[in-house]
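What follows is a short report for a reader who meets this structure without earlier acquaintance. It turns to selected loop residues, then to the ligand and its surroundings, and at the end to the aromatic rings.

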Amino acid sequence: MQQTVTLRVKPEEAENTPLLHQAIAASTAIATGRISGFTILKSSIDARGRQPFIQLQLLVYIDEPAKGRAIQQAVYRNAHQAASRILIIGAGPAGLFAALQLLEKGIKPVILERGKDVRARRRDLAAINKQGIMNPESNYCFGEGGAGTYSDGKLYTRSNKRGDIQKILNTFVRFGADEKILYQAHPHIGTNKLPQIITAMREQILACGGEVHFNKKVTDLVIEDGTLKAIKTADGDAFAATSVILATGHSARDIFHLLYAKQILIEAKPFALGVRAEHPQSLIDQAQYKCAPRGEWLPPASYSLVQQVQQHGVFSFCMCPGGIIAPAATGPGEIVVNGWSPSRRNNPHANSGIVVQVTEQDVAAVPGFKKQYKSKMDSPLLMLYFQQWVEQRAFEAGGGKLVAPAQRIADFCTGKISQTLPDCSYLPGIHAAPLPEVLPPFVTTALQQAFKLFGNKIKGYYSNDAVIVATESRTSSPVRIPRDGNTLQHPQVKNLYPCGEGAGYAGGIVSAAMDGERVARAICLQLEGI
Ligand SMILES: Cc1cc2nc3c(=O)[nH]c(=O)nc-3n(C[C@H](O)[C@H](O)[C@H](O)COP(=O)(O)OP(=O)(O)OC[C@H]3O[C@@H](n4cnc5c(N)ncnc54)[C@H](O)[C@@H]3O)c2cc1C
């Protein structure tokens with residue numbers, strides 16, 4: 001017999017199997033001797049009360065042998081001799097999951113990636129962090145695995161109607177992720193584990209006859225009579241195209257410029273802009289768990305904040321407990337910050353983007369920007385220009401070599417320049433600067449008000465113990481590449497399939513992966529009805 005049981009246990013009990021057996025027996029009135037085992041279906045932390053508890057949903061085996069967790073399997077078919085092959089531009093989550101989906105249908109994927117493989121990419125990240133030198137082809141956003149490879153690897157998404165989240169999570173587990181991601185409320189993988197998982201995915205693609213080409217930056221699309229015929233790369237190669245999945249991410253500005261130059265329809269898209277806030281992890285633990293130190297059984301605490309300030313939504317973005325602030329620029333003379341964490345999230349700081357929703361109307365009203373870009377106000381690249389404008393101001397305020405401008409939170413809100421800065425995880429270094437001179441006025445005002453209000457929600461959040469670093473600007477794509485709702489093809493260019501975050505159809509690893517699968521399935525249907 002099997003029975004679903006819900007338990008609320010202390011953190012130290014949640015990983016102790018004999019204690020859980022006793023708790024199951026107490027809750028079901030079934031003798032422990034009859035309970036052969038259990039599988040965890042869901043696990044979450046309930047920190048609302050005076051003391052945190054772990055909420056568990058278990059599938060309990062009674063009077064019958066316990067079974068292990070069933071991992072959903074997939075069959076990747078041999079596509080060495082496949083009649084159809086699909087070009088995929090970009091080896092981020094969207095591109096990789098599109099490739100795997102094509103292999104499920106026996107179609108050969110050919111991935112063209114501008115960056116390097118995960119291992120070689122690591123050296124370029126070291127140069128960014130240690131010397132402040134950024135390679136525009138290989139960095140935190142570009143290279144195998146895309147922007148998600150050296151991230152926190154958070155695997156939750158609000159877009160649960162866009163695809164099969166469980167399928168994505170099971171795929172990660174098959175390629176080496178911990179099974180815990182299948183039942184945790186807020187699963188994450190961690191920067192140290194993601195590269196092996198991405199490598200295993202690539203090996204699977206190659207073993208089935210797919211191709212993965214690194215250092216292949218796509219620079220041109222050959223279009224004849226409204227049909228995409230071929231792809232050209234920076235090294236002079238050309239690839240004949242049948243169908244092309246364009247999954248180049250939100251930072252492929254050259255691709256947006258290329259589409260614009262070729263008069264292919266693209267649209268300006270709102271995004272969110274702000275800073276990355278960093279607090280001592282112990283402060284967040286104390287506020288969230290109401291106990292410090294948090295002990296060995298609870299993970300470093302996270303938070304999620306949202307506040308409407310005047311006309312603008314302000315919210316936390318990509319929160320990284322026990323994390324590091326990452327330098328995520330992709331072009332020279334720009335500062336972009338983001339965050340990552342190792343699987344154990346064992347660094348002493350908690351960081352999170354705190355960002356303000358930005359629309360075209362907001363942008364058009366920013367005096368300095370308007371003056372400089374007055375001829376571009378109707379351009380579909382307007383939001384991209386704005387994003388870049390702020391990133392360049394941050395670079396100038398930091399003083400070069402990827403040093404980022406920073407300010408203590410209370411100083412920022414009260415208009416004081418910070419005389420000193422606290423320790424910060426951002427490895428290229430931070431420099432005290434007045435961030436209102438970097439950020440547009442409406443973003444500054446919204447953030448100043450929001451930080452004070454966040455202090456009412458998380459004790460100690462509004463504090464000079466915390467530092468904010470500018471600028472968090474690559475929260476989503478500043479451009480949308482439209483596609484037909486049914487075929488998922490670009491409405492003007494046959495064979496072109498915009499996909500993933502860069503095209504505006506995803507935000508985060510899981511949703512990009514789901515969009516990759518979705519586009520691949522749409523192509524299969526059109527090609528062969530499969
Ligand atoms: C530091 C950091 C931390 C993050 N943390 C998280 C997290 O914890 N959880 C989460 O869900 N999301 C996180 N994100 C966001 C997440 O990584 C992205 O949402 C996701 O990777 C988008 O997937 P994608 O495949 O659409 O695009 P991308 O991952 O951006 O991949 C696009 C790929 O296309 C390649 N490319 C670009 N231009 C060309 C060209 N011209 N020719 C060939 N190839 C090209 C790029 O090199 C890149 O590999 C993080 C991002 C960063 C930068």
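Helices, of at least four residues, and strands, of at least two, are taken here as DSSP runs and are numbered from the N terminus. With that numbering, P52 has its place in the loop that joins strand 2 (35-46) to strand 3 (53-62). The model described here is a predicted one.

**Three loop residues**

Is P52 buried or exposed? Since a residue counts as buried when its relative accessible area is under 20%, P52, with a value of 5%, is buried. Along the sequence P52 and W297 are 245 residues apart, while in space their C-alpha atoms are 11 Å apart.

A second loop residue, S379, is found between helix 9 (367-372) and helix 10 (382-398), and S379 is buried as well, with a relative accessible area of 9%. The side chain of S379 has a polar atom that lies 2.9 Å from the backbone nitrogen of L381.

The third, G504, sits in the loop between helix 13 and helix 14, and its relative accessible area of 12% makes G504 buried too. G504 and P280 are 224 residues apart along the chain, and a distance of 34 Å separates their C-alpha atoms.

**The ligand and its shell**

Where does the ligand lie with respect to domain 2 and domain 3? Residues of the shell around the ligand come from both domain 2 (85-267 + 479-528) and domain 3 (270-472), and therefore the ligand lies between them. There are 36 residues around the ligand, of which A94, E113, A147, E501 and I509 come nearest. By kind, the residues of this shell divide into 16 nonpolar, 13 polar and seven charged. At least two shell residues each are supplied by helix 2 (93-104), strand 16 (337-340), helix 13 (500-503) and helix 14 (509-528).

Several distances between N or O atoms of the protein and atoms of the ligand are set out in the table.

| Residue | Protein atom | Ligand atom | Distance |
|---|---|---|---|
| R114 | side-chain N or O | nitrogen | 3.1 Å |
| G508 | backbone N or O | oxygen | 2.9 Å |
| I509 | backbone N or O | oxygen | 2.7 Å |

On its own the ligand has 1,000 Å² of accessible area, and the protein covers 96% of that area. I509 thus appears twice in this account, as one of the residues that come nearest to the ligand and through its backbone N or O atom, 2.7 Å from a ligand oxygen.

**Aromatic pairs**

How many aromatic pairs does the structure hold? The structure holds twelve of them. One is the tilted pair of F97 and F172, whose ring centres are 5.4 Å apart and whose planes form an angle of 55°. This pair links distant parts of the chain, with F97 in helix 2 and F172 in helix 4 (residues 165-174), 75 residues apart. Both F97 and F172 are buried.

Another pair, made by F454 and Y461, is edge-to-face, with 6.0 Å from centre to centre and 90° between the planes. F454 and Y461 are likewise buried. These two residues also belong to a cluster in which ring pairs link Y303, F412, F451, F454 and Y461.

Terms used:
Residues are numbered from 1 along each chain as its sequence is written. This is a predicted model: local features need pLDDT of at least 70, side-chain atom pairs count only at pLDDT 80 or more; totals for chains, interfaces and linings use all residues. Side-chain values use heavy atoms; hydrogens and water are left out. A residue is near a molecule or strand if one of its heavy atoms lies within 4 Å of it. A polar contact is a pair of N or O atoms within 3.5 Å; within protein, one must be able to donate a hydrogen and the other to accept it, and residues adjacent in sequence count only if both atoms are side-chain atoms. Accessible areas come from the Shrake-Rupley method with a 1.4 Å probe; for residues, only the protein chains shown count as cover. Ala, Val, Leu, Ile, Met, Phe, Trp, Tyr, Cys and Pro count as nonpolar, Asp, Glu, Lys and Arg as charged, and the others, Gly among them, as polar. Domain bounds come from an automatic or database domain assignment. Rings of Phe, Tyr and Trp (its six-membered ring) pair if their centres lie within 6.5 Å; planes under 30 degrees apart count as stacked, over 60 as edge-to-face and the rest as tilted. Buried means under 20% relative accessible area, exposed over 50%, partly exposed in between (1.4 Å probe, protein chains only).
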